[in-house]
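Here is a walk through one chain, starting with the fold and ending with a few individual residues. Have the viewer open while you read.

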Amino acid sequence: MAFKIRIMASHGKPGRGPVPRIIYKAEAYEEGDQFRERKWQCLHDHETVEHAFNCGMVWLGDQHGPAPGGRVETA
Ligand SMILES: [Zn+2]
């Protein structure tokens, strides 16, 4: 199942100054899901869409599973 990345914008915690801060989070959903249910969301408060998108791309790159012929074991 292939994942797609989308970026969600929301208001961050109130900061100093009159301009509300907008934060961005990367989310992933399954490509074939008509409801686009969220399968993953990054834990950061990204300040730009680009950062959030890159974060999603990094996550996506980790989703291919164990390589054939071997897998990483963590103690
Ligand atoms: Zn992130």
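What follows covers the overall fold, the sheet, the helix and four residues in turn.

## The fold at a glance

Keep in mind that this is a predicted model. The chain has 3 strands and 1 helix, and going along the sequence they come in the pattern β-β-β-α. In other words, the strands are followed by the helix.

How much of the chain is buried? Buried residues account for 8% of its 75 residues. As for how the chain folds back on itself, take the contacts with a separation of 6 or more: 42% of them involve residues that are 24 or more positions apart.

## The sheet

The 3 strands make an open sheet, ordered 1-2-3, with antiparallel pairing. Strands 1 and 3 sit at the edges; each has a single partner strand, so one side of each has no neighbour in the sheet. From one strand to the next, the twist averages 35°. As a bit of background, the strands of a sheet pair through backbone hydrogen bonds, and they can do this in a parallel or an antiparallel way.

Which bridges tie strand 1 to strand 2? That antiparallel pairing runs over 9 bridges. Among the residue pairs to look for, Lys 4 has Tyr 29 of strand 2 as its bridge partner, and Ala 9 stands opposite Tyr 24, also in strand 2. On the other side, strand 2 and strand 3 are antiparallel too, paired over 3 bridges. There you can pick out Glu 27, whose bridge partner in strand 3 is Gln 41.

## The helix

Helix 1 spans residues 49-61 and lies across strand 1, strand 2 and strand 3. Relative to strand 2, helix 1 runs at about 30°.

One residue to click on here is Phe 3, which belongs to strand 1. Leaving out neighbours within four places in sequence, the contacts of Phe 3 include Leu 60 and Gln 63, along with Lys 39. The list for Phe 3 also takes in Ala 28, Tyr 29, Glu 30 and Glu 31. Is Phe 3 buried or exposed? Phe 3 lands in between, as partly exposed, because 16 C-beta neighbours fall inside 10 Å. The C-alpha atoms of Phe 3 and Glu 27 are 9.7 Å apart, with their positions 24 residues apart along the chain.

## Arg 6 in strand 1

Arg 6 is another strand 1 residue. Setting aside neighbours within four places in sequence, Arg 6 is in contact with Glu 27 and Tyr 29. If you want a distance to check, the C-alpha atoms of Arg 6 and Glu 27 are separated by 5.3 Å, although the two residues are 21 apart along the chain.

Arg 6 counts as partly exposed because 15 C-beta neighbours lie inside 10 Å. To be called buried, a residue would need 20 or more.

## The start of the chain

Where does Met 1 sit? Met 1 is in the segment before strand 1, which covers residues 3-11. Met 1 is exposed because 8 other C-beta atoms lie within 10 Å, and the cut-off for exposed is 12 or fewer.

Met 1 still has contacts beyond its neighbours within four places in sequence, namely Glu 30 and Gly 32. The C-alpha atoms of Met 1 and Tyr 29 are 9.9 Å apart, and the two residues are separated by 28 residues along the chain.

## A backbone oddity in a loop

If you're scanning backbone torsions, stop at Arg 36. Its phi is positive, about 50°, even though Arg 36 is not a glycine. Arg 36 is in the loop that joins strand 2 (22-30) and strand 3 (38-41).

Arg 36 counts as partly exposed because there are 13 C-beta neighbours inside 10 Å, and the exposed class takes 12 or fewer.

Definitions and conventions: Residues numbered from 1 in each chain as written. Predicted model: local features only at pLDDT ≥ 70, side-chain atom pairs only at ≥ 80, totals over all residues. Helix = DSSP H or I, 4+ residues; strand = E, 2+ residues; numbered from the N terminus. Contact = placed C-beta atoms within 7 Å. Pairing = 2+ DSSP bridges. Axes fitted to C-alpha atoms, helices over the stretch in contact; angles between N-to-C directions.
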